[in-house]
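Please open the structure in your viewer and keep the sequence panel beside it. This tour goes from one selection to the next and says what to look for at each stop.

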Amino acid sequence: MADKKVEAITSMEEDFAQWYTDVVIKSDLIGYTSVKGFMVLKPAGYAMWELIQHQLDSRFKQTGVENVYLPLLIPEGLLQKEKDHVEGFAPEVAWVTHGGLNELQERLCVRPTSETLFCDFYQKDITSYRDLPKVYNQWCSVVRWEKETRPFLRSREFLWQEGHTAHATAEEAEERTIQMLNVYADFCEEVLAVPVIKGQKSEKEKFAGAVATYTIEALMHDGKALQSGTSHNFGDGFARAFGVQYTDKENKLQYVHQTSWGVTTRLIGAIIMVHGDDNGLVLPPRVAPTQVMVVPIQQKKAGVLEAADAIAASLEKTVRIKVDKTDKSPGFKFAEQEMRGIPIRLEIGPRDVEAGQVICVRRDTGEKTTLSINELETAIPQLLETIQKDMLEKARAHRDAHTYVAKTWDEFTDTVENRPGFIKAMWCGETACEEKIKELTGATTRCMPFEQETLAETCVCCGKPAKKMVYFGRAY
């Protein structure tokens with residue numbers, strides 16, 4: 001039975017996209033619905049989002065963020081106020097045209113993002129310098145009518161958080177923009193064990209209506225990039241469009257400076273694609289809903305279930321632990337728990353009970369060790385920390401091994417075609433070059449990293465003097 005379950009996953013190397021879909025479905029993270037692109041987050045998937053939300057929210061609050069909740073619907077007139085913004089989102093907007101049986105006088109859009117609502121709110125709520133800064137965030141869902149959908153990576157409705165802040169000065173807004181990007185980067189590395197590159201998006205790739213967009217970019221197992229979080233500095237553009245002004249200490253009217261930043265359930269996709277293997281999910285302990293599963297072997301034999309329960313009771317204050325008491329065979333249980341990515345499996349049978357020991361199996365490496373039951377309260381939390389650290393190091397080693405340098409166009413095209421990964425190359429800064437690279441190779445500018453290097457003097461595409469070193473890559 002166990003082998004059948006594992007065979008049902010397509011091999012990563014054979015077809016990565018199919019492997020991903022198989023893992024998402026067979027590990028019971030999502031279910032499909034009767035509306036295309038709208039998915040059910042099942043308990044296993046939603047529990048991961050809850051852990052992400054809880055730990056990220058705590059980090060936000062340490063920086064002074066307060067949570068609010070704004071409405072789901074945005075009047076069309078409000079959306080139209082910031083020209084670049086509305087043009088950026090227009091193709092993906094879902095519209096509400098009727099309230100009950102009556103046609104609405106003005107169409108309402110289901111929020112694709114909430115900048116316009118926050119601006120409308122701030123315009124009424126901010127009058128004086130004493131009202132600033134406003135450092136707000138909301139946890140909600142948004143709707144974007146995507147053509148192609150894929151679980152977690154691109155769905156028509158998805159869960160996220162969107163931070164929206166208002167500041168007295170440009171300097172404060174820039175500081176908050178970078179601060180939140182750093183919160184995201186640290187979170188991805190410390191909690192998700194996903195290493196990221198921090199940098200700025202190009203003019204072409206930045207958020208519609210922003211002065212500057214900063215991003216964290218992660219590399220998936222198949223060598224494609226995934227934008228994993230963004231932080232935007234809006235300057236005073238939105239404030240001017242919406243009339244968000246305050247009276248300063250000299251009693252003069254000033255426009256506020258705003259920021260916006262967000263991460264989504266796409267982070268779950270990143271966890272799957274960075275850490276997973278041909279047996280299913282491999283979850284970093286800090287984001288694993290169940291960190292330890294106790295599997296009783298020959299559980300009908302006297303004392304086995306009792307010993308398994310006693311182990312769970314001794315550890316439940318420090319780790320998220322369960323006992324698998326189902327009547328499935330041990331082999332099936334092992335395969336099922338591997339599929340679900342549970343970091344540690346503890347096996348205990350009649351002989352182990354007698355010897356006062358368990359067999360401990362790591363999901364990330366498959367390594368088996370024998371541990372005394374008496375040492376579990378110390379050994380298991382320590383092992384979870386080791387697994388967390390090892391998974392980050394493994395992911396970082398994979399990223400570094402798949403990051404290449406291209407100094408000429410031939411090197412660039414050869415790398416894109418034959419060595420999937422990040423490509424570091426010099427760029428002249430011209431959008432025309434960026435568009436040509438994308439058209440000819442499918443690679444896009446992922447970011448201009450904060451840590452710049454001079455790899456060559458000229459642009460990899462046009463040969464003009466280079467202005468920036470850029471990470472390029474094909475992306476999700």
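Begin by selecting the hairpin of β10 and β11, where 5 residues lie between the two strands and Gly223 takes a positive phi near 90°. Keep in mind throughout that this is a predicted model, so every stop describes a prediction. Strand β10, residues 212-219, runs antiparallel to β11 and is joined to it by 8 bridges. If you select Leu219, you will find Ala225 of β11 standing opposite.

Now extend the selection to the whole of β11, residues 225-235, where 10 of the 11 residues are buried, so the strand is largely enclosed by the rest of the structure. Strand β11 is also joined to β14, residues 257-264, by 5 bridges, and these two strands run antiparallel. Here the residue to select is Gly235, which stands opposite Gln258 in β14.

Go next to helix α9, residues 266-275, and ask yourself how many of its residues are buried. The helix is mostly covered, with 10 of its 10 residues buried; among them are Arg266 and His275, as well as Leu267 and Met273.

The next selection is strand β7, residues 134-143, in which 10 of the 10 residues are buried, so this strand is largely enclosed by the rest of the structure. In a regular strand the side chains alternate between the two faces of the sheet. You can follow both faces of β7 here, since Lys134, Tyr136, Gln138, Cys140 and Val142 lie on one side, while Val135, Asn137, Trp139, Ser141 and Val143 lie on the other, and all of these are buried. Which strands pair with β7? Strand β3, residues 66-67, pairs with β7 in the parallel sense over 2 bridges, and Glu66 has Tyr136 as its bridge partner. Strand β8, residues 157-167, runs antiparallel to β7 and is joined to it by 10 bridges, with Phe158 of β8 as the bridge partner of Val142.

While you are at β7, select Cys140, which is buried with a relative accessible area of 8%. A disulfide is a covalent bond between the sulfur atoms of two cysteines. The closest cysteine sulfur to that of Cys140 belongs to Cys109 and is 12 Å away, too far for a bond. Then select Cys428, which counts as buried at 3% relative accessibility, and look for its closest cysteine sulfur, which is in Cys433 at 3.8 Å; this, too, is too far for a bond, because a disulfide here requires sulfur atoms within 2.5 Å. A search of the whole structure finds 0 disulfides.

For the next stop, select the five strands of an open sheet with mixed pairing, whose order is β16-β15-β17-β18-β19. Strands β16 (321-323) and β19 (368-372) stand at the edges, and each has a single partner strand, so one side of each is left without a neighbour in the sheet. On average, and with direction ignored, neighbouring strands of this sheet are turned by 25° against each other. To look closely at one pairing, select β18, residues 357-362, which pairs with β19 in the antiparallel sense over 5 bridges; Gln357 stands opposite Ser372 in β19.

Add helix α13, residues 376-401, which packs on the sheet and touches β15, β17, β18 and β19, its direction making about 10° with that of β18. Helix α11, residues 330-340, lies across β15 (292-296) and β17 (344-348) and runs at about 175° to β15.

Turn now to the aromatic rings, where the count comes to 17 aromatic pairs. Select Trp409 and Phe412, whose ring centres are 5.6 Å apart and whose planes are at 10°, so the pair is stacked. These two residues are 3 apart in helix α14, residues 409-418, and are therefore separated by about one helical turn. Which of them is buried and which is partly exposed? Trp409 counts as partly exposed at 24% relative accessibility, whereas Phe412 is buried with a relative accessible area of 0%. Another selection to make is Trp49, Phe60, Trp139, Tyr184 and Trp261, which form one aromatic cluster.

Finish with two places where a charge sits over a ring. Lys224 lies over the face of Tyr476, at 4.9 Å from the ring centre, and the charged end of Arg419 sits over the ring of Tyr404, 5.7 Å from its centre.

Conventions
Residues are numbered from 1 along each chain as its sequence is written. This is a predicted model: local features need pLDDT of at least 70, side-chain atom pairs count only at pLDDT 80 or more; totals for chains, interfaces and linings use all residues. Side-chain values use heavy atoms; hydrogens and water are left out. Two strands pair if DSSP finds at least two bridges between them. Helices (H or I, at least four residues) and strands (E, at least two) are DSSP runs, numbered from the N terminus. Axes are lines fitted to C-alpha atoms, for helices over the stretch in contact, and angles run from 0 to 180 degrees between N-to-C directions. Contact means heavy atoms within 4.5 Å. Buried means under 20% relative accessible area, exposed over 50%, partly exposed in between (1.4 Å probe, protein chains only). Rings of Phe, Tyr and Trp (its six-membered ring) pair if their centres lie within 6.5 Å; planes under 30 degrees apart count as stacked, over 60 as edge-to-face and the rest as tilted. A charge sits over a ring if NZ of Lys or CZ of Arg is within 6 Å of the ring centre and within 35 degrees of the ring normal.
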